[in-house]
Amino acid sequence: MAESGESTFTVIVAAVANLGIATAKAVAGVVSGSSAMLSEAAHSVADTITEVLLLTSLKRGAKPADTRHPLGYGGERYLWALLASVATFVGGAVFSVYEGVHTLVRGEEPGDPLVAYLVLAVAFVLEGYSLRTGIRQIRADAARFDAPVGHYLRLTPDTAVKAVVMEDSAALAGLMLAAGGLAGAQITGSGVWDGVASILIGVLLVYVAWVLGRSNAQLLIGRPVPEPMRAAMVEEILSVPHITDVLELTTLIQGPDEVLVAAKVDFRDVASAEQVEWACEEADEQLRERFPAVRRVYLDPTPGLGGRGQSSPAASSR
């Protein structure tokens, strides 16, 4: 469960950073009269709520399987993470777009932007540190699976870390937009720049919320392992003596380090019941050894085409 501990640390770092940043941005927004700064404050508040929900998802999803939930609580992790993406949309994007439109319609009286610039600089450093923590974990995890970082980030089932990386990246982009809005308003004396910056921050948050929501929804519905990993599993099963074919393979990601494997397997026609049982156990052990995320293996001895392999109904299931 070391990966779970790393994810928790990454989320806590992001939560602490966002909480302090949100307060500072709100004060700076009031002092400077900048709607972009207020939008950034809402952005950070939404991110803080998101981190709390992600911490809840990590705690709830780590509960061991019991009689009421024999396959564990991995799906609950994605449920809370999905709610976190909704919080990003409602808490940040909607408010940011509203503030931007309000500024464009009503205008604004710009105040002293110095405090806002100072807050943006400090926030950039803190968000950068939080992003660095998330990227370091993503790189380590990608190296462990021998996958490109970008590919792993797109497909990783650890949506808590994915959320931190995406939200911190969006936060840095939002800070630059807010700085551009402040500078444009200061140079031209028009609040249009600030209003447009606020709307763009909202659009950015909508995109992040959509990507994270889609990822968690796919995992909640049920997503298989990537095709290369699936092919490697078939190869591993076929390497076991007495197994001649994998007729059907079903995989299901139940958590970042929790995969279920179920397969219909054809055995040699002359295999005895004892040999079938041994082969099932051997396939189970080999899959777990090669793929540490595999927690449950169910093998169903099934005759192949043409009625071959009328084997014993022995199976391995854990």
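**Overall dimensions and nonpolar cores of the predicted chain**

The chain has a radius of gyration, taken over C-alpha atoms, of 25 Å, whereas a compact globule of 318 residues would have one near 20 Å (by the rule of 2.2 Å times the number of residues to the power 0.38). Along its principal axes the C-alpha trace spans about 85 × 35 × 35 Å. The model is predicted, so that local features need pLDDT of at least 70 and side-chain atom pairs count only at pLDDT 80 or more, while totals for chains, interfaces and linings use all residues. Residues are numbered from 1 along each chain as its sequence is written, and side-chain values use heavy atoms, with hydrogens and water left out.

The secondary structure comes to 9 helices and 4 strands (DSSP runs of H or I with at least four residues, and of E with at least two), and from the N terminus on these elements run α-α-α-α-α-α-α-α-β-β-α-β-β. Of the 318 residues, 48% count as buried, that is, under 20% relative accessible area with a 1.4 Å probe, protein chains only.

The largest nonpolar core (buried Ala, Val, Leu, Ile, Met, Phe, Trp, Tyr and Cys residues joined through side-chain atoms within 4.5 Å) holds 28 residues, among which Met 233, Ile 237, Ile 243 and Phe 267 touch the most other members. Two or more residues are given to this core by each of α8 (227-238), β1 (243-255), β2 (258-267), α9 (273-290) and β3 (294-301). A second, separate core of 23 residues includes Ala 17, Met 37, Leu 182 and Ile 201.

Note on methods
Buried means under 20% relative accessible area, exposed over 50%, partly exposed in between (1.4 Å probe, protein chains only).
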